[in-house]
Amino acid sequence: MQNHFMGSILAVAAALAVAPLLLAQTAQQSGAGMARTAAPKADLSGVWLWASENEGGGSRRRFSLEEPPLQPWAMEIYKTNRAGLTDPRASGLDVLDPFNYCMPPGVPRNMLGSTSPFEIIQLPNRVVILDEMSNATRQIFLDGREHPEGWPFGWMGHSIGKWDGDTLVVDTVGRYDKTWLDHVGTPHSDALHVVERFRLVDRDTLEVEFLFDDPKAFTKPWGAKRLYQLRPDLEIVEKVMCEQYFEIGKYLGREEGSLDPDQ
């Protein structure tokens with residue numbers, strides 16, 4: 001009986017001795033989690049639109065006015081997409097543009113200049129970008145996760161981000177190879193890796209630095225910078241891709257609004 005009593009006392013004492021260590025370990029783990037989700041150094045929230053300053057050294061349709069550094073097979077596709085075009089600022093052939101066949105523009109084409117704005121919604125553990133041009137939603141996870149193994153390919157890819165001082169660094173992979181990189185017909189492969197650096201030049205000016213790496217399609221990594229202006233007077237509105245095909249259906253004598261190709 002006495003031995004049982006003494007054993008109980010020793011067990012309680014051991015538990016009390018270990019408890020501070022467990023509490024310290026839990027606190028360290030909690031602190032690590034808080035570090036991953038630390039408060040951002042800048043507020044990127046708002047509706048943003050292509051800045052006119054870009055026109056001095058760039059184009060609304062492409063990231064670089066120089067020929068992209070493409071592998072031979074990709075260069076042949078690029079030339080086909082631009083057959084007969086001599087102006088480097090001209091869009092690629094409409095009949096070959098995947099966007100004209102209701103495909104989303106994907107990342108990074110959705111960030112090129114257009115009359116359609118995008119909205120950044122900043123949350124504690126993620127940033128959401130609403131793209132008016134394609135009516136698409138992009139999620140950038142800030143909770144410390146990595147790109148998952150076996151992630152299915154998609155139009156917007158899988159994006160993770162982290163804060164580097166006042167700059168949001170976004171890493172995107174897992175993109176379909178069916179889209180153009182830009183509006184002029186630059187192709188890419190499913191190995192496309194896009195890194196974006198979002199930084200406020202001032203409260204009303206957003207700078208995004210792009211880096212493209214695709215060893216299957218490019219001979220070297222390359223990129224560009226673009227500026228966007230805060231537009232509090234604008235709101236994201238609904239746009240439906242290929243809405244014009246409803247009009248085509250009416251022209252062909254089908255019932256208005258019908259999606260049945262046999263009507």
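In what follows, Ala, Val, Leu, Ile, Met, Phe, Trp, Tyr, Cys and Pro count as nonpolar, Asp, Glu, Lys and Arg as charged, and the others, Gly among them, as polar. The model examined here is predicted.

Two cavities of 30 Å³ or more were counted. The second largest cavity has a volume of about 30 Å³. Its lining consists of Arg62, Phe63, Ser64, Glu66, Pro68, Asp182, Thr186 and Trp222. By class, these residues divide into three nonpolar, two polar and three charged. Phe63, Pro68 and Trp222 make up the nonpolar group, because Phe, Pro and Trp count as nonpolar. Arg62, Glu66 and Asp182 are the charged members, since Arg, Glu and Asp count as charged. Ser64 and Thr186 therefore fall among the polar residues.

The largest cavity holds about 60 Å³ of space. Its lining comprises 12 residues. Trp50, Leu112, Ser114, Ser116 and Phe118 lie nearest the centre of this cavity. Seven of the lining residues are nonpolar, four are polar and one is charged. Strand S1 (residues 46-50) supplies three residues, the largest share of this lining.

Among the pockets, the second largest contains about 290 Å³ of space. A set of 16 residues lines this pocket. Nearest its centre lie Phe99, Arg109, Ser114, Met133 and His183. The lining has two nonpolar, eight polar and six charged residues. Ser114 thus recurs: it is one of the residues nearest the centre of the second largest pocket, and it is also one of those nearest the centre of the largest cavity.

The strands form a closed barrel. Nine of them take part, in the order S1-S2-S3-S4-S5-S6-S7-S8-S9. The pairing is mixed. Neighbouring strands of this sheet are turned by 30° against each other on average, direction ignored. Strands of a sheet pair through backbone hydrogen bonds, either parallel or antiparallel. Strand S5 (residues 158-164) and strand S6 (residues 167-173) run antiparallel. Seven bridges join this pair. Within it, His158 has Val173 of S6 as its bridge partner.

Helix H2 (residues 72-81) has a buried side. Its buried residues are Ala74, Met75, Tyr78 and Asn81. Seen down the axis of H2, these residues fall within an arc of 120°, so they line one face of the helix. An α-helix has 3.6 residues a turn, so residues three or four places apart point the same way. The face of H2 turned away from the buried side carries the exposed residues Pro72 and Lys79.

Note on methods. Residues numbered from 1 in each chain as written. Predicted model: local features only at pLDDT ≥ 70, side-chain atom pairs only at ≥ 80, totals over all residues. Heavy atoms only, no water. Pairing = 2+ DSSP bridges. Helix = DSSP H or I, 4+ residues; strand = E, 2+ residues; numbered from the N terminus. Axes fitted to C-alpha atoms, helices over the stretch in contact; angles between N-to-C directions. 1 Å grid on protein atoms, 1.4 Å probe; cavity = no way out; pocket = protein on both sides within 12 Å on 5 of 7 lines; lining within 4 Å. Points joined across faces, edges and corners; volume = space filled by probe spheres on them. Buried < 20%, exposed > 50% of the residue type's maximum accessible area, 1.4 Å probe, protein only. Arc of directions from axis to C-beta.
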